[in-house]
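Biologist: I am new to this structure. Please take me through a few of its features and tell me how each label is earned.

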Amino acid sequence: MFGRFNIKGTVEQICDLVACLTCAAVLALPLGGALAQTDPVTNQLEKTLESASVEDAVALAQQAIDEGRFEQAVGILSGLLLGDPDNAQLKLLMGDLYSRMGSFAQAQIYVQDALKSGQLNADQTQEAEILLALTTGGQPQARDPFRYSANVSTGLRYRSNATGGTTSDSILINDQVVNAGNNAQADEDTDWFLNGSFRTSYELDPATNLTMDGFLLIRRQFRFTNNDIIVGEVTPGASFRVLQNQQYVVDIKPYGILGFTDLDDHYAQSSVGFGATLREIVSQTMLLNQGFEYRSVDYSAIPGRESLTELDGHEMRFIAGVTKLLGENWVLGADYLGTDRDTVTLTQDRQQHRLRGTASYRYATPFGLSDEASRVRGSIAYTKTNFENADPVVSANTVRRDNEWRFDVTNSLALREDLTMDFSLSHSERRSNLDNFETDNTSASLGLTLSF
């Protein structure tokens, strides 16, 4: 019987990890993790929202122009020009924007104003002259339809509860209180980790993109070798823009997932899903985000892991959040995540509600290590999980109810433009009406992240 709790601490925990990571790869959370799937404009938007400087807003507008999202760029540049009507760089970007939109006469007005200002440097002047020639000839500029980004992280992590074991020495089995075995108790450990992810897209037209995302996680624990894992997934999909104006952006995203995990044995996972996201740009300092996702999951049965097929089923998710800028350095956020999981095994069916608040602060990197800004982030989250049916292996009379608090702090120290040193500290407490599922864990990690 105690072997079941070892599985809970490993396979079920890894299945939840895979489910979380794959779902996070579908919808762009307001302040989501590094594996959240977003299009390139959203990536740039989130980067801008973390800094709120005029330079970053200009970079966002340029990115939007390059991506063909002209209405969004018009809103950004128009707002900036209202605050700085004599800015030649903004006028040059506006000329570029109207050139791509085919409004050549309007483009010439902005470009000529930028040239007359005398504020442009040699490169900008050359660009303005090229724009004038293009608009006179009536030919919009071409752009590369292929986009990609990737990052790799590695480091060491300490966890006070590396096995995911219960905090109680006494647990329920068939409604009988028994002493927990060693494989059901919490044990500390240190592990080495390697995380990698990539994101690519190819634009077929301004409203349609083919996408490909993937990630790889490798963890090697120094003591509990049975918890060493390798998780990998590739997610091909597409993104269809069904609405876009100066305030709203709506995307529909069908996708598929192919995944594998190595935990003593191998198992494969295949999923198909559908997602829809709505982003509302309330102002230059506030962004609202809503999303819905449906996902169907199928695990391949292999010797020794046949029970994984009990997790087959479908899952629906609803996401809503808000991001608010405070000055040039502070970003505040709040979001809600609701999940309804329906599987072939009634004891795994559940509804989950998570509320999370986040804060991010940008500061100058000390000691002159880099001209890039460093960032410290903090979050607090509360998650309530209600299972729909009792697990007869544990208790035929009690349906499980969990409440979890999680606290996270991460500091990313910029060593150069594409390299950061990351330190994180987190603590989680899960309380349940079943002692078997009460856990505490404190973890700390130190590593490097390379982005390209």
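Biologist: Which residue caps the N-terminal end of helix 5, and what makes it a cap?
Modeller: First, note that this is a predicted model. The cap is N87. One of its side-chain oxygens lies 3.0 Å from the backbone nitrogen of Q89. A polar contact needs N or O atoms within 3.5 Å, so 3.0 Å qualifies.

Biologist: What span does helix 5 reach, and what is expected?
Modeller: Helix 5 covers residues 88–101, 14 residues in total. From its first C-alpha to its last it reaches 20 Å. At 1.5 Å a residue, 20 Å is expected, and the helix comes close to that. After helix 5 comes G102, with a positive phi near 90 degrees.

Biologist: Why is helix 5 called largely enclosed?
Modeller: Buried means under 20% relative accessible area. In helix 5, 12 of the 14 residues are buried, so the rest of the structure largely encloses it. Among them are A88, L90, Y98 and R100.

Biologist: How do you know that the span of helix 4 agrees with expectation?
Modeller: Helix 4, residues 70–83, also has its ends to check. Its 14 residues should span 20 Å at 1.5 Å a residue. Its end C-alpha atoms are 20 Å apart, so the two agree. The buried residues of helix 4 include F70, V74, I76 and L80.

Biologist: On to the rings. How many aromatic pairs does the count come to?
Modeller: The count is 6 aromatic pairs.

Biologist: Why is the pair of F318 and Y336 called tilted?
Modeller: Their ring centres are 6.5 Å apart, and the cut-off is within 6.5 Å, so they pair. Stacked needs under 30 degrees and edge-to-face over 60. Their planes stand at 50 degrees, so the pair is tilted. F318 is in strand 10 and Y336 in strand 11, 18 residues apart, so the pair links distant parts of the chain.

Biologist: What makes F318 and Y336 partly exposed?
Modeller: Partly exposed lies between the 20% and 50% limits. F318 has 40% relative accessibility, so it counts. Y336, at 26%, does too.

Biologist: And why is the pair of W405 and F407 called stacked?
Modeller: The ring centres are 6.4 Å apart. The planes are at 10 degrees, under the limit of 30, so the pair is stacked. W405 is partly exposed at 40%, and F407 is partly exposed at 36%.

Biologist: What sits over the ring of F437?
Modeller: The charged end of R400 does, 3.7 Å from the ring centre. The distance limit is 6 Å, so that part of the test is met.

Definitions and conventions. Residues are numbered from 1 along each chain as its sequence is written. This is a predicted model: local features need pLDDT of at least 70, side-chain atom pairs count only at pLDDT 80 or more; totals for chains, interfaces and linings use all residues. Side-chain values use heavy atoms; hydrogens and water are left out. Helices (H or I, at least four residues) and strands (E, at least two) are DSSP runs, numbered from the N terminus. The expected span of a helix is 1.5 Å times one less than its number of residues. Buried means under 20% relative accessible area, exposed over 50%, partly exposed in between (1.4 Å probe, protein chains only). A polar contact is a pair of N or O atoms within 3.5 Å; within protein, one must be able to donate a hydrogen and the other to accept it, and residues adjacent in sequence count only if both atoms are side-chain atoms. A charge sits over a ring if NZ of Lys or CZ of Arg is within 6 Å of the ring centre and within 35 degrees of the ring normal.
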